Amino acid sequence: MKTTWMILWCCVVSALWTATPVAAQVSCANVLANSIAVVSVLEDQGGQILNMNVATVDRGGTSSYTCTLQSGSTYVICAVGDDDRVQDLDLYVFDENGGKVAQDDDTTNIAVVNVTPRWTGTFRCEVRGYSMSRSDAFYCVIVARGD
């Protein structure tokens, strides 16, 4: 039974993949290259990468990512945009009560914030596609512990 489901799943994925015109596919290579460069800098500064998440954001829209942060630790959270599609990416971090604990809303496609939680909990990272040349784009959220 498991094998049947796996074959069916592969057929569905294959059909969806081949049904998408090549011109409509957007490469995420640029955002991955930018993210690797950011990871290198964070690790050179002694940061420990805890998580990386690639997702999409719409122009003028918001995309969210949640993570658990421990009290007493200092974290660097980055949102890295695609150079070809994103001119300005903003990052806001909220605690579990909805209180804003950090933000980077400058005019670049890489947003960086430092967070030292007063308590352990779930934090929401909101990435906003403030200025983009296309309707959507890839971005990557990187969470690193600095201590």
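# Working through a predicted fold

An open sheet of four strands runs in the order β2-β7-β4-β5, and its pairing is antiparallel. Keep in mind that you're looking at a predicted model. Grab the structure and let's go.

**Exercise 1. Find which strands of this sheet stand at the edges, and say what that leaves them without.**

Step 1: Look at the ends of the order β2-β7-β4-β5.
Step 2: β2 (62-69) and β5 (100-104) are the edge strands, each with a single partner strand, so one side of each has no neighbour in the sheet.
Step 3: While you're there, check the twist: from one strand to the next, it averages 20 degrees.

**Exercise 2. Work out how many bridges join β4 and β7, and in which sense they pair.**

Step 1: Locate β4 at residues 86-94 and β7 at residues 121-132.
Step 2: Recall that strands of a sheet pair through backbone hydrogen bonds, either parallel or antiparallel.
Step 3: Here the sense is antiparallel, and the pairing covers eight bridges.
Step 4: For a concrete spot, find Leu91, which sits opposite Val127 in β7.

**Exercise 3. Decide whether Val93 is buried or exposed, and list what it touches.**

Step 1: Place Val93 in strand β4.
Step 2: Its relative accessibility is 0%, and buried means under 20%, so Val93 counts as buried.
Step 3: Now the contacts. Skipping neighbours within four places in sequence, Val93 touches Ile77, Gly99, Lys100, Val101, Ala102, Val113, Val115, Phe123, Arg124 and Cys125.
Step 4: Try a distance too: Val93 and Asn114 are 21 residues apart along the chain, and their C-alpha atoms are separated by 9.7 Å.

**Exercise 4. Explain why Cys125 isn't bonded to Cys67.**

Step 1: Count the disulfides in the structure: there are zero.
Step 2: Cys67 is in no disulfide, and its nearest cysteine sulfur belongs to Cys125, 4.3 Å away.
Step 3: A disulfide needs sulfur atoms within 2.5 Å. The sulfur of Cys125 is 4.3 Å from that of Cys67, so the pair is too far apart for a bond.
Step 4: Check the surroundings of both. Cys67 counts as buried at 10% relative accessibility, and Cys125 is buried at 0%.

**Exercise 5. Describe where Ser35 sits and which residues it touches.**

Step 1: Ser35 belongs to helix α2, which covers residues 29-44.
Step 2: With a relative accessible area of 0%, Ser35 is buried.
Step 3: Leave out residues up to four places away in sequence, and Ser35 touches Met52, Val80, Cys140 and Ile142.

**Exercise 6. Zoom out: what is the protein built from, and how far can you trust the model?**

Step 1: Tally the elements: two helices and eight strands. From the N terminus on, they run α-α-β-β-β-β-β-β-β-β.
Step 2: Think about burial and surface. Of the 147 residues, 37% are buried. The protein exposes about 8400 Å², and carbon and sulfur atoms supply 55% of that.
Step 3: Look at contacts with a separation of 6 or more: 76% of them come from residues 24 or more positions apart.
Step 4: Check the confidence. The mean pLDDT is 85, with 83% of residues at 70 or more. Over residues 1-24, though, the pLDDT is below 50, and beyond near neighbours in sequence this stretch has two contacts in the model.
Step 5: Take the caution to heart: where pLDDT is low, the predicted coordinates should not be read in detail.

Key. Residues numbered from 1 in each chain as written. Predicted model: local features only at pLDDT ≥ 70, side-chain atom pairs only at ≥ 80, totals over all residues. Heavy atoms only, no water. pLDDT = per-residue confidence, 0-100. Contact = heavy atoms within 4.5 Å. Buried < 20%, exposed > 50% of the residue type's maximum accessible area, 1.4 Å probe, protein only. Pairing = 2+ DSSP bridges. Axes fitted to C-alpha atoms, helices over the stretch in contact; angles between N-to-C directions. Areas by Shrake-Rupley, 256 points an atom, 1.4 Å probe, with all protein chains shown as cover.
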